[in-house]
Amino acid sequence: MNRKKNFFAGPSVLPVEVLQQLHEDLLDYKGYGLSMIEASHRGQPFETMYQETLSLVRSLMNVPEDYEIFFLGGGATLQFSMIPMNFLKNGTVADYIKSGTWSNKAAADAAKVGDVNLYYDGTDNGFSSLPDPSAVKPSENSSYLYLCSNETIGGIEWQSWPETGDVPLIADMSSDLLSRPVPVEKFSMIYGGVQKNLGPAGATLVILKKDMLERQNPNLTAYLDYSLHAKGGGLYNTPPVFSIWAVKLVLEWIQKNGGAEGMDKRAALKSSLIYDVIDGSDGFYRSPVDKNVRSRMNVVFRMGSEELEKKFLAEAGENGMLGLKGHRSVGGLRASIYNSLPVEDVQALADMMKEFQRVNG
Ligand SMILES: *Cc1c(COP(=O)(O)O)cnc(C)c1O
């Protein structure tokens with residue numbers, strides 16, 4: 001099998017072992033005589049698989065007992081509106097840290113529901129930096145403070161977390177879920193679409209502190225109401241079964257590879273392979289992001305001209321490297337190097353970058 005080197009930003013690469021296991025179990029799941037994706041979500045074998053998935057999330061992410069864990073549909077994007085609908089109270093504000101495309105979309109949705117305070121707006125610096133976490137203080141009448149831990153398009157990532165006291169801290173971790181240890185207890189809610197680091201598209205992981213259910217707005221329609229999902233153990237309606245099954249296998253792979261700490265080391269190693277080439281290139285490659293907040297998941301870089309970037313992309317394609325084009329809204333290049341991407345693939349990109357500079361520099 002000739003697998004390409006997959007640098008796509010999402011949906012993105014999965015471990016080969018996981019794809020093989022899905023393939024093997026697809027027709028007959030562990031002798032049940034039917035496939036996991038043909039089974040009722042109210043019976044075996046789904047129930048066992050589902051409970052194991054939740055325990056894996058809890059242990060790998062070190063989620064305390066007073067947090068609910070569930071998988072919703074609608075992508076991370078649905079959470080942009082569910083969060084303010086549930087938690088933004090009349091007469092209060094929601095603080096948003098606008099650090100790039102995704103937090104901006106979240107803030108825009110929240111502004112349709114209630115009052116948004118843009119606590120920080122990185123527009124003026126081209127989203128190249130983040131506020132100092134230790135200086136972040138939510139507004140006095142804040143319902144919650146919201147941030148995006150890793151801006152997938154801009155390639156900027158929080159390295160430590162604000163202390164928000166009694167004000168709930170909510171984070172979109174779609175593109176760096178389980179790429180490092182995270183102190184879940186500092187957050188009232190963490191969520192993310194699984195299709196970057198944890199599985200195929202279709203499920204959104206939600207980790208919600210139970211006391212948030214007491215702060216909710218009333219009169220929400222069923223699906224939009226977190227408390228119904230909590231009461232139903234995440235099975236209020238049919239969950240994204242296939243995606244959850246694949247997430248379970250990815251979580252087992254993460255566990256085998258050292259858990260959050262193992263992923264942390266992998267991310268440090270892989271991202272430094274690319275950033276070292278950028279920093280050692282005498283400006284042939286450049287990173288638009290402040291060094292201290294560079295993403296270890298999405299390495300964004302630019303070259304001297306768009307022609308050169310096009311040539312680079314073409315050569316990368318010839319070398320079996322896909323998905324290196326920057327997001328259409330910002331241009332340039334972007335290597336997404338999520339958990340499952342093998343170190344060798346990143347090394348191959350680093351080598352190609354050096355060779356490309358030697359020939360074209
Ligand atoms: C991809 C992404 C989203 C959007 O996810 P969908 O599941 O497509 O709605 C939101 N936030 C971040 C940080 C992302 O990377």
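A residue counts as near a molecule when one of its heavy atoms lies within 4 Å of that molecule. Keep that cut-off in mind as we go, and keep in mind too that this is a predicted model.

Let's start at the ligand. By that cut-off, 13 residues surround it. The closest of them are Thr77, Thr152, Asp172, Gln195 and Lys196. What sort of residues make up this shell? Seven are polar, four are nonpolar and two are charged. If you want a place to look along the chain, try helix H3, which runs over residues 75-87. With four residues, H3 gives the most to the shell around the ligand.

Now zoom in on some individual atoms. Thr152 has a polar side-chain atom 2.4 Å from an oxygen atom of the ligand. Asp172 also brings in a polar side-chain atom, but its partner is a nitrogen atom of the ligand, 2.6 Å away. With Ala76 it's the backbone that takes part: a backbone N or O atom lies 3.0 Å from an oxygen atom of the ligand. How much of the ligand does the protein bury? On its own the ligand would expose 390 Å², and the protein buries 87% of that.

Step back next and take in the whole chain. The domain assignment gives domain 1, covering 16-256, and domain 2, covering 259-360. Their C-alpha centres sit 27 Å apart. Where the two domains touch, domain 1 puts in 24 residues and domain 2 puts in 25. Together they bury an area of about 2000 Å² between them, with carbon and sulfur atoms giving 54% of it. On the domain 1 side, three names are worth finding: Ile153, Ser179 and Trp253. This trio supplies 25% of the area that domain 1 buries against domain 2, more than any other three residues do.

Finally, there are a few backbone details to look up in the loops. Gly10 and Pro11 are joined by a cis peptide bond, with omega at about -10°. You'll find Pro11 in the loop between strand E1 (5-6) and helix H1 (16-26). Another cis peptide bond links Gln44 to Pro45, and here omega is about -5°. Pro45 has its place in the loop that runs between H1 and helix H2 (46-61).

Then there's Phe127, which isn't a glycine but still has a positive phi, near 55°. Look for Phe127 in the loop between strand E4 (115-121) and strand E5 (142-148).

Terms used: Residues numbered from 1 in each chain as written. Predicted model: local features only at pLDDT ≥ 70, side-chain atom pairs only at ≥ 80, totals over all residues. Heavy atoms only, no water. Polar contact = N/O pair within 3.5 Å; in protein donor to acceptor, adjacent residues only side chain to side chain. Areas by Shrake-Rupley, 256 points an atom, 1.4 Å probe, with all protein chains shown as cover. Helix = DSSP H or I, 4+ residues; strand = E, 2+ residues; numbered from the N terminus. Nonpolar A, V, L, I, M, F, W, Y, C, P; charged D, E, K, R; others polar. Domains from an automatic or database assignment. Contact = heavy atoms within 4.5 Å. Buried area = accessible area lost by both parts, 1.4 Å probe.
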